[in-house]
Amino acid sequence: MTFVIGEKCLGERYATCVSVCPVDCMHPGEYKGEPFLIIDPEECIDCGVCQPECPIDAILESEDDDPVWAEINAELTEEFKNNEPVEPRPANDPPRRSDNVLR
């Protein structure tokens with residue numbers, strides 16, 4: 001099993017998790033016209049260091065937690081893989097979507 005970035009990241013993309021990833025398995029891009037970030041399921045080593053870094057709890061512990069978003073992460077991997085890294089948003093920057101809450 002691998003970690004998955006879920007719907008809460010869509011339109012938010014804090015990317016604060018990227019800098020702690022020991023294998024660089026997170027990649028930015030646009031999905032449905034919104035900024036998004038995915039975890040490459042082939043590269044993720046399931047270490048979990050990314051999860052506590054996300055200020056809106058968008059990182060799910062397992063593919064089983066949301067199979068639909070797990071599939072989206074896998075499908076977008078090839079497209080996002082070669083994108084340039086993005087500058088992280090400050091973790092205290094208020095969410096853009098009203099259904100997201102900072103922790």
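**R13**

I started with R13, which is found in the loop between β1 and β2. I was working from a predicted model throughout. Buried or exposed, I asked of R13? At 16% relative accessibility R13 counts as buried, because the cut-off for buried is under 20%.

I then looked up what R13 is in contact with, leaving aside neighbours within four places in sequence. The list is P28, G29, E30, P35, F36, L37, V86 and R89. For P28 I also took the C-alpha separation from R13, and it is 8.0 Å. Along the chain R13 and P28 are 15 residues apart.

**Y14 and R89**

R89, a contact of R13, came up again in the search for charges over rings. The charged end of R89 sits over the ring of Y14. I noted 3.9 Å from that charged end to the centre of the Y14 ring.

**A15**

Next I checked the backbone of A15. Its phi is positive, about 60°, although A15 is not a glycine. A15 lies in the loop between β1, residues 4-5, and β2, residues 26-31. With a relative accessibility of 4%, A15 counts as buried.

**Cavities**

How many cavities of 30 Å³ or more does the structure hold? I found two.

The largest cavity has a volume of about 80 Å³. It is lined by 14 residues, and the closest to its centre are C9, Y14, A15, C17 and C54. So Y14, with R89 over its ring, and A15, with its positive phi, are both in that group closest to the centre. I sorted the lining of the largest cavity by class and wrote down 11 nonpolar, one polar and two charged residues.

For the second largest cavity I have a volume of about 60 Å³. Of its 13 lining residues, the closest to the centre are C21, C25, C44, C47 and C50. By class, this second lining has 11 nonpolar, one polar and one charged residues.

**Aromatic pairs**

I searched the whole structure for aromatic pairs and got three. I wrote up two of them, starting with Y31 and F36. A pair of aromatic rings is described by the distance of the centres and the angle of the planes.

For Y31 and F36 the ring centres are 5.9 Å apart and the planes stand at 40°, so I entered the pair as tilted. Both Y31 and F36 are buried.

For F36 and W69 the centres are 5.4 Å apart and the planes are at 55°, which means this pair is tilted as well. Where do F36 and W69 lie? F36 is in strand β3, residues 34-39, and W69 is in helix α1, residues 67-80. The pair therefore ties together parts that are 33 residues apart in sequence. I checked burial here too, and both F36 and W69 are buried.

Taken together, ring pairs link Y31, F36 and W69 into a cluster. F36 is also among the contacts of R13.

**I45 and D46**

I moved on to the loop between β3 and β4, where I45 is found. I45 is exposed, with a relative accessible area of 52%; I call it exposed because the cut-off is over 50%. Not counting residues up to four places away in sequence, I45 touches P22 and V23. I also took the C-alpha to C-alpha distance from I45 to T2, which is 7.1 Å. The two are 43 residues apart in sequence.

D46 lies in the loop between β3 and β4. Its relative accessible area is 36%, so I entered D46 as partly exposed. What does D46 touch, not counting residues up to four places away in sequence? I listed M1, T2, F3 and E61. D46 and M1 are 45 residues apart in sequence, yet 7.2 Å apart in space, C-alpha to C-alpha.

**D57**

My last entry is D57, in the loop between β3 and β4, with β4 at residues 59-60. Phi of D57 is near 55°, a positive value in a residue other than glycine. With a relative accessible area of 39%, D57 is partly exposed, whereas A15, the other positive-phi residue in these notes, is buried.

Definitions and conventions:
Residues are numbered from 1 along each chain as its sequence is written. This is a predicted model: local features need pLDDT of at least 70, side-chain atom pairs count only at pLDDT 80 or more; totals for chains, interfaces and linings use all residues. Side-chain values use heavy atoms; hydrogens and water are left out. On a 1 Å grid over the protein atoms alone, a cavity is a set of points where a 1.4 Å probe fits but cannot get out, and a pocket is an open set with protein on both sides within 12 Å along at least five of seven lines; lining residues have an atom within 4 Å of a point. Grid points are joined across faces, edges and corners, and a volume is the space filled by probe spheres set on the points. Ala, Val, Leu, Ile, Met, Phe, Trp, Tyr, Cys and Pro count as nonpolar, Asp, Glu, Lys and Arg as charged, and the others, Gly among them, as polar. Rings of Phe, Tyr and Trp (its six-membered ring) pair if their centres lie within 6.5 Å; planes under 30 degrees apart count as stacked, over 60 as edge-to-face and the rest as tilted. Buried means under 20% relative accessible area, exposed over 50%, partly exposed in between (1.4 Å probe, protein chains only). Helices (H or I, at least four residues) and strands (E, at least two) are DSSP runs, numbered from the N terminus. A charge sits over a ring if NZ of Lys or CZ of Arg is within 6 Å of the ring centre and within 35 degrees of the ring normal. Contact means heavy atoms within 4.5 Å.
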